[in-house]
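Dear colleague,

I am passing this structure on to you, since you will be seeing it for the first time. Please look through it below, and then read the notes that follow.

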Amino acid sequence: MAAPKGKYAWTATVGEKGQIVIPKQAREVFDIKPGDTLILLGDIDRGIAIPPKASFSEIFNTVFDPKEGDKE
């Protein structure tokens with residue numbers, strides 16, 4: 001069964017220090033380089049997500065921008 005275009009799945013092993021290694025193919029697909037900072041998002045029901053670094057500012061604005069009627 002072929003994966004849908006643009007969809008990927010990999011596995012990673014958690015080491016004794018809680019570190020994971022992002023598979024080489026995933027690093028290449030998402031242009032992850034040594035020293036890059038990644039953001040991890042977690043949902044107790046849905047799991048952990050590592051969104052692309054290009055979406056950081058969109059995520060930041062969604063989480064931290066005050067909405068109309070919010071107190072600053």
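**What was found**

Leu-40 is a convenient place to begin, and this residue lies in the loop between α1 (24-29) and β1. Please keep in mind throughout that the model is predicted. Leu-40 counts as exposed because its relative accessible area is 57%, where exposed means over 50%. Together with Val-14, Ile-20, Ile-48 and Ile-50, Leu-40 makes a nonpolar surface patch of about 510 Å².

Two members of that patch also appear in the pockets, to which I turn next. In the largest pocket there is about 460 Å³ of space, and its lining is made up of 19 residues, with Ile-22, Ala-26, Phe-30, Ile-32 and Ile-50 lying nearest the centre. By residue type, that lining divides into 16 nonpolar residues, 2 polar ones and 1 charged one. Ile-50 is thus named both in the nonpolar surface patch and among the residues nearest the centre of the largest pocket.

The second largest pocket holds about 160 Å³ of space, and the residues that line it are Leu-41, Gly-42, Asp-43, Arg-46, Gly-47, Ile-48 and Ala-49. The elements that contribute two or more residues to this lining are β1 (41-43) and β2 (47-49). Of the lining residues of the second largest pocket, 3 are nonpolar, 2 are polar and 2 are charged. Ile-48, which is part of the lining here, belongs to the nonpolar surface patch as well.

Two further residues may be worth finding in the view, and each of them sits in a loop. Asp-31 lies in the loop between α1 and β1, and its phi is near 55°, which is a positive value in a residue other than glycine. With a relative accessible area of 39%, Asp-31 is classed as partly exposed, because that class covers values between the limits of 20% and 50%.

Is Ser-55, by contrast, buried or exposed? Ser-55 is buried, because its relative accessible area is 17% and buried means under 20%. Ser-55 is found in the loop between β2 and α2 (56-64). Measuring along the sequence, so to speak, Ser-55 and Ile-39 are 16 residues apart, while in space they are 9.9 Å apart from C-alpha to C-alpha.

With best wishes

How values were computed: Residues are numbered from 1 along each chain as its sequence is written. This is a predicted model: local features need pLDDT of at least 70, side-chain atom pairs count only at pLDDT 80 or more; totals for chains, interfaces and linings use all residues. Side-chain values use heavy atoms; hydrogens and water are left out. On a 1 Å grid over the protein atoms alone, a cavity is a set of points where a 1.4 Å probe fits but cannot get out, and a pocket is an open set with protein on both sides within 12 Å along at least five of seven lines; lining residues have an atom within 4 Å of a point. Grid points are joined across faces, edges and corners, and a volume is the space filled by probe spheres set on the points. Ala, Val, Leu, Ile, Met, Phe, Trp, Tyr, Cys and Pro count as nonpolar, Asp, Glu, Lys and Arg as charged, and the others, Gly among them, as polar. Helices (H or I, at least four residues) and strands (E, at least two) are DSSP runs, numbered from the N terminus. Patches are made of residues with over 30% relative accessible area and no salt bridge: like charges are joined within 9 Å, nonpolar side chains (Val, Leu, Ile, Met, Phe, Trp, Tyr) within 5 Å. Accessible areas come from the Shrake-Rupley method with a 1.4 Å probe; for residues, only the protein chains shown count as cover. A salt bridge is a side-chain nitrogen of Lys or Arg within 4 Å of a carboxyl oxygen of Asp or Glu. Buried means under 20% relative accessible area, exposed over 50%, partly exposed in between (1.4 Å probe, protein chains only).
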